[in-house]
Amino acid sequence: MEPMILFAEKKDKEDVQQLLWEVGLGISGDIEDHVLLRVEGKVGAVGKLFQTSPNRFHLEVLGVRNDQRRTGLGGFLLSALTSWPWNYCRSIISSARGPYEVTTVPMHDTGLFYKKHGFEVCGFSQLSSQYVEQCDACSDRENCQPVPMIFRFPGYKRQREVVTMPQFRILGSGAGTGVPSFFCSCPACQEARENPEYTRTRSGAAVLTNNTMVLIDASPDLRSQLVKNNITKIDSVFLSHWHYDHFSGLGELEYYVKLDRIEKLPLYLPPSAVAQFESAFPNLLDIFNIIPWQFGQRYQFGEVYLTPLVANHSIETAGLLIESNEKRLAYFTDTSGLPEETEKLVSGADWLICDATFYGENWYPHSHMSVEQAIELGRQVKAKETILTHLSMHYSQAVTTEELKSEVSRYPNVLVAHDGMVIEI
Ligand SMILES: [Zn+2]
Ligand SMILES: [Zn+2]
Ligand SMILES: [Zn+2]
């Protein structure tokens, strides 16, 4: 079992003092600021970190009891302190975690030990000034021969993708079962098995600008969608409605928020879904900041505006009007036609991205649309381009993507969505 690193308590003061005295060091500030490792009940190693700036720590103290030398205890403590300095430091001035550095000034001939643990020699100018002054003022400098050293953590955080123009990206273009669905061997599912570019994950989208990313719906395929689209940051989540194929990926965001983002993620929910969210995901209450969205309200994200508009679905559902400086895009994944009021608001949009769940007979005419109906709706609202999404490809009548594309090519302004489709707005 690994020994446990704990913060020192008042009662440890004498033991810590004794240990540090043996190695020519002393307690620096409060005893409670030190961390220690106990071996058979006795203090075996001691360390103390001080945060000097948001991404910079200084290791003020590191000592190992004489009879614990060469047991690996000191290296174990040093590795822990340099791997998770935030966890082992009391003087936190910033909890925003990014790539960071740890400096130290080893005494005597201990430089090699630090080198073995990832430190390299640096100049005094790299140290925070208080430590330079400390060495300058030291009467024993000749004897100490202080050599400043630095540990640079490479940082595993991925940077935000640069987009030159705001874009709307379709992450998932499939209906609830996805294509291929595991239990189906229809021509559409076979086509997707043979050619993965025809795979359709469950419905979702992203609005990306150069400084923000809004995730629209969290499909059960969310993780693979984010990886495939090289999306590294999420700034807000907007849920259209509380159906499994649109909300169940929320659980995928827990680790992102806890390990990378650190602060709560705004989650815009249908007002009627707040209670369902709370009972379905009690473990996520502390990672999301819940905002019930309101129909007709315009929400700004970077230079883009999102307005939830009423859709015709079996439960409270929003379609979104997405506006940039120049363009208007209407996104309605789950709807059966549009209420008159909504139709007016999206009239003449540059794009209507629209529910086309069924090919052939529409099993749920009050909740979804067929390909034919979606094309007709695009014409009715005078959309410049209609993009068919939320495609089941195999309810009612199966159709392959190749077949659907060739059928749709008769209409000059109708396209079939695919996963990863990008529309610059
Ligand atoms: Zn199928
Ligand atoms: Zn739905
Ligand atoms: Zn759906």
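Colleague: Which residues of α4 are exposed on its other side?

Modeller: In this predicted model, they are Glu133, Gln134 and Asp136. To be called exposed, a residue needs over 50% relative accessible area.

Colleague: And which residues of helix α4 are buried?

Modeller: Helix α4 runs over residues 129-136, and its buried residues are Tyr131, Val132 and Cys135.

Colleague: What puts these residues on the same side of α4?

Modeller: They cover an arc of only 105 degrees around the axis, so they sit on the same side of α4. The cover over the buried residues of α4 includes β3 (42-53), β4 (56-64) and α5 (141-144).

Colleague: What are the domains in the domain assignment of the protein?

Modeller: Domain 1 spans 5-152 and domain 2 spans 167-424. Taken over C-alpha atoms, the centres of the two are 52 Å apart.

Colleague: Let's turn to the metals. Why is the site of the zinc ion (ligand 1) called tetrahedral?

Modeller: The angles among its 4 donor atoms are 100 to 116 degrees. Four donors count as tetrahedral if all angles lie between 85 and 135 degrees, so this site qualifies. The protein donors are Cys184 (SG), Cys186 (SG), Cys189 (SG) and His394 (ND1), at 2.0 to 2.3 Å from the zinc ion (ligand 1). Along the chain, these donors follow the spacing C-x1-C-x2-C-x204-H.

Colleague: What makes Cys186 and His394 a pair that ties together parts of the chain?

Modeller: Cys186 lies in the loop between β8 (167-172) and α6, while His394 lies in the loop between β19 (385-389) and α13, so the pair ties together parts that are 208 residues apart in sequence. Both Cys186 and His394 are buried.

Colleague: Why is the site of the zinc ion (ligand 2) called irregular?

Modeller: Here the angles among the 4 donor atoms are 92 to 170 degrees. Tetrahedral would need all angles between 85 and 135 degrees, so 170 rules that out. Square planar would need opposite donors over 155 degrees apart and all others between 65 and 115, and the site is classed as irregular. Its protein donors are His241 (NE2), His243 (ND1), His313 (NE2) and Asp334 (OD), at 2.1 to 2.4 Å.

Colleague: How do you know whether His241 and His243 are buried or partly exposed?

Modeller: Buried means under 20% relative accessible area, so His241, at 0%, is buried. His243 has 23% relative accessibility, and therefore counts as partly exposed.

Colleague: Which residue bridges the zinc ion (ligand 2) and the zinc ion (ligand 3)?

Modeller: Asp334 does, and the two zinc ions lie 3.5 Å apart.

Colleague: Which residues touch the most other members of the largest nonpolar core?

Modeller: Of its 33 residues, they are Phe332, Val346, Leu352, Val371, Leu388, Leu391 and Leu404. Among the elements that give two or more residues to this core are β17 (328-332), β18 (351-355) and α12 (371-380). The most comes from α12, with 4 residues. Apart from this core lies another, of 29 residues, including Leu222 and Phe281.

Colleague: Which residues of α13 are buried?

Modeller: Thr401, Leu404 and Val408 are the buried residues of α13. They cover an arc of only 65 degrees around the axis, so they are on the same side of α13. Their cover includes α6, α12, β19 and β20.

Note on methods: Residues are numbered from 1 along each chain as its sequence is written. Chains are lettered from A and ligands numbered from 1 in the order in which they are written. This is a predicted model: local features need pLDDT of at least 70, side-chain atom pairs count only at pLDDT 80 or more; totals for chains, interfaces and linings use all residues. Side-chain values use heavy atoms; hydrogens and water are left out. Donors are N, O and S atoms within 2.8 Å of the metal (3.2 Å for Na, K and Ca); water is not among the atoms, so sites may look incomplete. Four donors count as tetrahedral if all angles lie between 85 and 135 degrees; four count as square planar and six as octahedral if opposite donors are over 155 degrees apart and all others between 65 and 115; anything else is irregular. Buried means under 20% relative accessible area, exposed over 50%, partly exposed in between (1.4 Å probe, protein chains only). Domain bounds come from an automatic or database domain assignment. The arc is that of the directions from the helix axis to the C-beta atoms. Contact means heavy atoms within 4.5 Å. A nonpolar core is a set of buried Ala, Val, Leu, Ile, Met, Phe, Trp, Tyr and Cys residues joined through side-chain atoms within 4.5 Å.
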